[in-house]
Every structure is written in structure tokens, then in C-alpha cells.
Amino acid sequence: SMLALKDLMTGLGSPHLDCRQDGAKIDPKARAGYLFNTTIAGLEEADAVLLVGTNPRREAAMVNARLRKAVLHNNTKVALIGEPADLTYPVAHLGAGPDTLKQLAAGDSSFAEILKSAQKPVIIVGMGALRRPDGAAVLALARQLAETYGMVKDGWNGFNLLHTAASRMAGLEMGFVPGPKGRDTEGILAGASEGEIDLVYLLGADEIDMARLGKAFVIYQGHHGDAGAHRADIILPGAAYTEKNGSYMNMEGRVQLARLAAFPPGDAREDWTIIRALSGTLGKPLPYDNLGQLRQALIKTNGRFAQVDQINPADWAEFGQAGAVSSEGFTSAVANFYMTDPISRASETMARCTEAFVLKRTEATGTDG
């Protein structure tokens with residue numbers, strides 16, 4: 001679906017596209033800078049872990065489970081820069097934000113000695129550290145820290161980015177980022193609010209500030225009638241992940257296949273077929289007419305899309321952009337664990353969980369005194 005939309009926009013001459021709808025300052029030019037390089041299972045080998053702007057218990061339960069296992073079985077030491085959190089294992093809270101990260105990079109921290117003596121140290125950088133205006137500078141600081149403490153060496157790469165959006169890795173791998181002179185998410189929103197952009201196409205994009213779209217004509221393609229659908233001028237009903245054959249790439253760079261479990265309801269269609277039909281109507285027909293042809297086109301953009309369930313390590317390179325950082329503390333990218341996507345936000349069960357555990361509301365049961 002992302003490739004079809006990218007090809008359509010490119011065919012129409014628009015370089016303004018971005019898969020980083022939360023505004024995260026991920027550097028698409030260096031693969032090692034946006035991969036979860038150790039792999040999720042590889043975390044069990046780590047003997048020291050630094051969490052930066054992330055709460056893995058909320059953001060990636062499998063990652064948190066692996067970290068807990070490492071702590072319990074290997075006595076792995078874990079430290080956190082960001083919001084204090086109960087992660088189900090001992091964590092040293094070093095500080096709130098970039099100032100603490102700079103101190104650690106300079107060796108001015110009690111955790112510095114632990115990192116120096118570690119054989120397989122790890123840093124996990126979350127979206128809470130990168131979706132800020134100074135995110136590119138924070139990313140450069142994290143890279144500097146990884147190099148300072150030997151986190152990248154022969155047979156080991158301990159630098160990890162923890163993504164919170166499904167298949168964002170695939171978007172980065174296929175180049176679903178601004179082209180020459182293209183606007184990123186912030187630039188698109190600014191342009192729409194200022195009247196410089198006439199039309200915005202949202203492909204399942206519900207996590208942006210819809211109020212900033214101004215008077216732009218909005219096409220929303222997705223399911224479950226979330227925020228984007230409420231703002232849209234035209235809605236193109238797509239299929240949920242259970243209603244189509246799809247491929248995804250997780251944050252390790254591992255391609256995973258999903259199978260159709262039920263057919264889309266009503267007028268909903270598989271997303272790529274909607275975009276293919278639209279391209280013909282616009283006089284820019286896309287060069288694929290079935291899923292097999294589309295997947296071959298995907299593989300041509302990047303051969304790694306053909307390697308299902310395989311890990312492809314990345315060469316270390318420079319990424320991020322050195323610059324000033326704010327003293328403001330990092331916050332987790334997930335505020336409400338029970339409502340992180342259109343499907344969970346449409347769930348009655350998740351609404352009740354939100355009331356009980358996030359809003360702390362309780363209902364009388366009849367047994368209360």
C-alpha cells in the first residue's frame with residue numbers, strides 16, 4: 001500500500017511524502033541508525049542496557065519481556081533517561097532528558113563505569129526522544145554515546161531504535177520520505193495550515209494534529225473511522241490488517257507476511273487496489289495489476305523485501321545531526337497503553353480499560369459499602 005501511494009505521488013510530481021507521521025527525526029540515510037540492530041532475542045546477551053526516551057513496557061511488550069529475562073538470568077544492569085517507570089525489573093533512573101545524555105556521553109555518570117566494563121552494552125532510543133524539535137541532535141548524541149562506550153564492534157551492534165508504528169521500517173527501507181525539496185510531516189502540516197498545500201492524502205494516518213490541516217482538501221484512506229476519517233472530505237474505505245494479504249517489516253528489519261482471515265465489509269477494498277484504481281482515473285496508471293506484480297515492484301525497490309523472516313545486519317555509519325538540545329525531559333511515545341491505534345480506539349473493552357486504569361474511574365459493583 002505504501003509503495004503504491006509512493007509511486008502515485010511520484011508520478012504526479014509531488015516530493016512531499018513522509019512515513020514518520022509523529023514527526024520523529026529518524027535519519028533515513030543510515031540504516032544502522034533506524035534498525036533494532038541487536039534483534040529482540042539478542043537483548044538476552046546484553047550485560048548493560050541504557051533506555052533513552054522510552055518505556056518498553058508500554059511501547060514494546062516483547063522487548064520488555066526480553067529485558068526482564070536478561071536481568072533475571074544474566075544480572076543485566078538497566079538504566080533509564082526519561083520518565084520514571086515501573087518496568088517489572090530494577091532500573092536506575094539517571095535523569096529526565098538530553099542534559100543527562102550529554103553527561104553520560106562525557107563520562108560524568110555512575111552508569112558510565114558499568115557501560116565501560118560491559119562486554120555487550122546496548123542503547124535503546126525511543127520515539128519519545130526523537131519526535132521533538134531537537135530529535136536529530138538527540139539522535140546524534142545517542143550515536144556518539146554508542147561509539148564512546150564500544151557498543152558497536154565486530155559481531156555486536158548494540159544501537160537500537162524502538163519504533164512504535166507498524167511497518168515504519170518498511171517505509172524507511174522503500175524511501176517513503178521527502179524527495180528533493182520535499183516537505184516532511186511538519187512541513188506538510190505547516191503548509192496545509194498556511195494555505196500553501198491544497199490537498200493532503202492520508203493513508204491510515206490518524207496520529208497527526210488534524211486541526212493543522214487548515215482548509216486543505218483531505219482524502220482519508222483507512223478503516224474504523226478514526227481521527228482522519230472525521231476530518232476527511234473524501235473517505236476511501238480500506239481493509240484492516242486481518243482483511244487482506246499483506247507484508248510488514250518489523251523494527252529488526254524482518255519481513256513478515258500476514259494472511260487474509262476475513263473479507264473486508266461493505267465497500268471496503270484492499271488498500272493497494274484503491275490506489276491502483278485511482279491512478280488510472282488520474283491518467284497515471286501504476287504498472288501492476290495484481291498482488292504478485294506489486295510485490296515484484298516492491299522487491300525491485302529493495303531486495304530485502306524478498307527475504308522473508310530474515311535478518312540483514314547494517315553497516316555502521318554516521319547519522320543524526322549535531323546541534324543544540326532542549327533541557328526538557330523525554331516523555332514516552334505511548335500515553336495510553338490501551339488506545340494506540342484506530343482498532344483499539346474503537347474497542348469497547350479498551351475504552352473500559354482506559355477508564356479503569358488510565359482515568360482511574362471505578363463503577364459501583366453493589367458490594368461496596
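Okay, a bit of vocabulary before we start: when I say nonpolar, I'm counting Ala, Val, Leu, Ile, Met, Phe, Trp, Tyr, Cys and Pro; charged is Asp, Glu, Lys and Arg; and polar is the others, with Gly among them. Also, keep in mind that what you're looking at is a predicted model.

Let's go to the second largest pocket. Its space comes to about 470 Å³. What lines it? There are 26 residues in the lining, and if you head for the centre, the ones that lie nearest are Arg20, Gly23, Ala24, Lys25 and Asp184. Now use those classes from a moment ago: the lining of this pocket splits into 12 charged, 9 nonpolar and 5 polar residues.

Which helices help build that lining? Helix H7, residues 135-148, and helix H9, residues 185-193, each give at least two residues to it. The largest share is from H9, with 3 residues.

So much for the pocket; hang on to H7, though, as it has a packing partner. That's helix H4, residues 98-105, and the axes of H4 and H7 are 9 Å apart, at an angle of about 25°. Angles under 35 degrees count as roughly parallel, so that's what we call H4 and H7. Their crossing is left-handed. Who touches whom? On the H4 side we have Pro98, Leu101, Lys102, Leu104 and Ala105, and across from them on H7 sit Val138, Leu141, Ala142, Gln144, Leu145 and Thr148. Sorted by class, this contact has 8 nonpolar residues, 2 polar and 1 charged.

One more helix pair, and then I'm done. Find helix H1, residues 2-11, and helix H11, residues 271-281: their axes come within 8 Å and cross at roughly 20°. H1 and H11 are therefore roughly parallel to each other too, and their crossing is left-handed. From H1, the residues in contact are Ala4, Leu5 and Leu8, which meet Trp272, Ile275, Leu278 and Ser279 of H11. How do the classes divide in this contact? We get 6 nonpolar, 1 polar and no charged residues where H1 meets H11.

Right, that's the tour. Over to you.

Key:
Residues numbered from 1 in each chain as written. Predicted model: local features only at pLDDT ≥ 70, side-chain atom pairs only at ≥ 80, totals over all residues. Heavy atoms only, no water. 1 Å grid on protein atoms, 1.4 Å probe; cavity = no way out; pocket = protein on both sides within 12 Å on 5 of 7 lines; lining within 4 Å. Points joined across faces, edges and corners; volume = space filled by probe spheres on them. Helix = DSSP H or I, 4+ residues; strand = E, 2+ residues; numbered from the N terminus. Axes fitted to C-alpha atoms, helices over the stretch in contact; angles between N-to-C directions. Parallel < 35°, antiparallel > 145°, perpendicular 65-115°, else oblique. Left-handed = near helix turned anticlockwise from the far one by under 90°. Contact = heavy atoms within 4.5 Å.
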